[in-house]
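The following exercises concern the structure shown below. Each task is followed by a solution that proceeds step by step.

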Amino acid sequence: MNTTHRHPDAYSGLVIETHSLRRNMGQMIRVQRTVPAPADLGVDMIGVPEDSPLDLDLRLESVGEGVLATGTVEATLKGECSRCLDPIEEDLVLDIQELYFYPDREAEEDASRVSADETIDLDPVIRTAVVLNLPFSPLCRDDCQGLCPDCGANLNDDPDHDHPDRIDPRWAGLQGLFSEENSDKS
């Protein structure tokens, strides 16, 4: 992700100072902290609620091209089941790895960069990792039965739920003809 056009919030817990690495290859620092989740970290059906805790356990290493960030991010997802609309809450643990290039190093246009004030912004990396690992259709459980298409009852609560056969309204007029024909033959 390109962070050169964006001015990261220096007070965000996702902006990490790297000046202690001093471009010494092999130098490493460990970052362990809990920070509030940024807004819109997810999709419509499920995501990490804003300001909920994100637990970071990262290792930042100085390498020739820049700073290599590796580690894990832990968060709690909240959302709703795509079949029955019941609430879902589950833990998410993601491995992340991103190389932040020094400003004077050649890299692709969309590469992550160490800023001029020697910080890195983890927001785009974490945002991408979370969104790419979210289920397309979240389920409360694998065998969720969903909702009744006729009345909206939760089929998980009443698996034997049933409705009498309904006649398609386009064919309802023929039902009377069929009934009269059978009664005439009797």
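A residue counts as buried under 20% relative accessible area, as exposed over 50%, and as partly exposed in between. The model is predicted, and the solutions below should be read accordingly.

**Exercise 1. Overall architecture**

Task: Describe the order of secondary-structure elements in the protein chain and state what percentage of its residues count as buried.

Solution.
- Step 1. The chain contains two helices and eight strands.
- Step 2. Along the sequence, these elements follow the pattern β-β-β-β-β-β-β-β-α-α.
- Step 3. The chain has 186 residues, of which 33% count as buried.
- Step 4. The exposed area of the chain is about 12,100 Å², with carbon and sulfur atoms supplying 47% of it.
- Step 5. For contacts between residues at least 6 apart in sequence, 56% join residues at least 24 apart.

**Exercise 2. Salt bridges**

Task: State how many salt bridges the structure holds, and characterise the pairs formed by Glu-61, Lys-78 and Arg-127.

Solution.
- Step 1. Five salt bridges are present in the structure. Side chains of opposite charge can pair when their charged atoms come close.
- Step 2. Glu-61 pairs with Arg-59, and their closest N and O atoms are 3.0 Å apart. Arg-59 has a relative accessibility of 36% and therefore counts as partly exposed.
- Step 3. Lys-78 and Glu-89 form a salt bridge with an N to O distance of 3.8 Å. This pair links distant parts of the chain, since Lys-78 belongs to strand E6 (residues 66–80) and Glu-89 to strand E7 (residues 87–101), 11 residues apart.
- Step 4. Within that pair, Lys-78 is partly exposed at 43% relative accessibility, whereas Glu-89 is exposed, with a relative accessible area of 56%.
- Step 5. Arg-127 forms a salt bridge with Asp-123, the closest N and O atoms lying 3.2 Å apart. Because the two residues are four apart in helix H1, about one helical turn separates Arg-127 and Asp-123.
- Step 6. Arg-127 counts as partly exposed at 24% relative accessibility, while Asp-123 is buried, with a relative accessible area of 10%.

**Exercise 3. The environment of helix H1**

Task: Identify the buried residues of H1 and the strands included in what covers them.

Solution.
- Step 1. The buried residues of H1 are Asp-123, Pro-124, Val-125, Ile-126, Ala-129 and Val-130.
- Step 2. Their cover includes strand E3 (41–42), strand E4 (46–48), strand E5 (53–62), E6, E7 and strand E8 (119–121).
- Step 3. Ile-126, one of these buried residues, may be placed relative to Glu-98: their C-alpha atoms are separated by 9.9 Å, with the two positions 28 residues apart along the chain.
- Step 4. Glu-98 lies in strand E7 and counts as partly exposed at 22% relative accessibility.

**Exercise 4. Surface patches**

Task: Determine which residues gather in a patch of negative charge and which make a nonpolar surface patch.

Solution.
- Step 1. The patch of negative charge on the surface consists of Asp-86, Asp-157, Asp-158, Asp-160, Asp-162 and Asp-165.
- Step 2. Among them, Asp-165 is located in the loop between helix H1 (123–132) and helix H2 (172–185). Its relative accessible area is 79%, so Asp-165 is exposed.
- Step 3. Ile-167, Trp-171 and Leu-174 make a nonpolar surface patch of about 330 Å².
- Step 4. Ile-167 is likewise placed in the loop between H1 and H2; at 43% relative accessibility, Ile-167 counts as partly exposed.

**Exercise 5. Backbone conformation**

Task: Give the phi values of Asp-40 and Leu-85, and state where each residue lies.

Solution.
- Step 1. Most residues other than glycine have a negative phi.
- Step 2. Asp-40 is not a glycine, yet its phi is positive, at about 55°. Asp-40 lies in the loop between strand E2 (28–36) and E3 and is exposed, with a relative accessible area of 70%.
- Step 3. Leu-85, also not a glycine, has a positive phi of about 70°. Leu-85 lies in the loop between E6 and E7 and is partly exposed, with a relative accessible area of 47%.

Definitions and conventions
Residues are numbered from 1 along each chain as its sequence is written. This is a predicted model: local features need pLDDT of at least 70, side-chain atom pairs count only at pLDDT 80 or more; totals for chains, interfaces and linings use all residues. Side-chain values use heavy atoms; hydrogens and water are left out. Patches are made of residues with over 30% relative accessible area and no salt bridge: like charges are joined within 9 Å, nonpolar side chains (Val, Leu, Ile, Met, Phe, Trp, Tyr) within 5 Å. Accessible areas come from the Shrake-Rupley method with a 1.4 Å probe; for residues, only the protein chains shown count as cover. A salt bridge is a side-chain nitrogen of Lys or Arg within 4 Å of a carboxyl oxygen of Asp or Glu. Lys and Arg count as positive and Asp and Glu as negative; His and the chain ends are not counted. The place of a charge is taken as NZ of Lys, CZ of Arg, CG of Asp or CD of Glu. Buried means under 20% relative accessible area, exposed over 50%, partly exposed in between (1.4 Å probe, protein chains only). Contact means heavy atoms within 4.5 Å.
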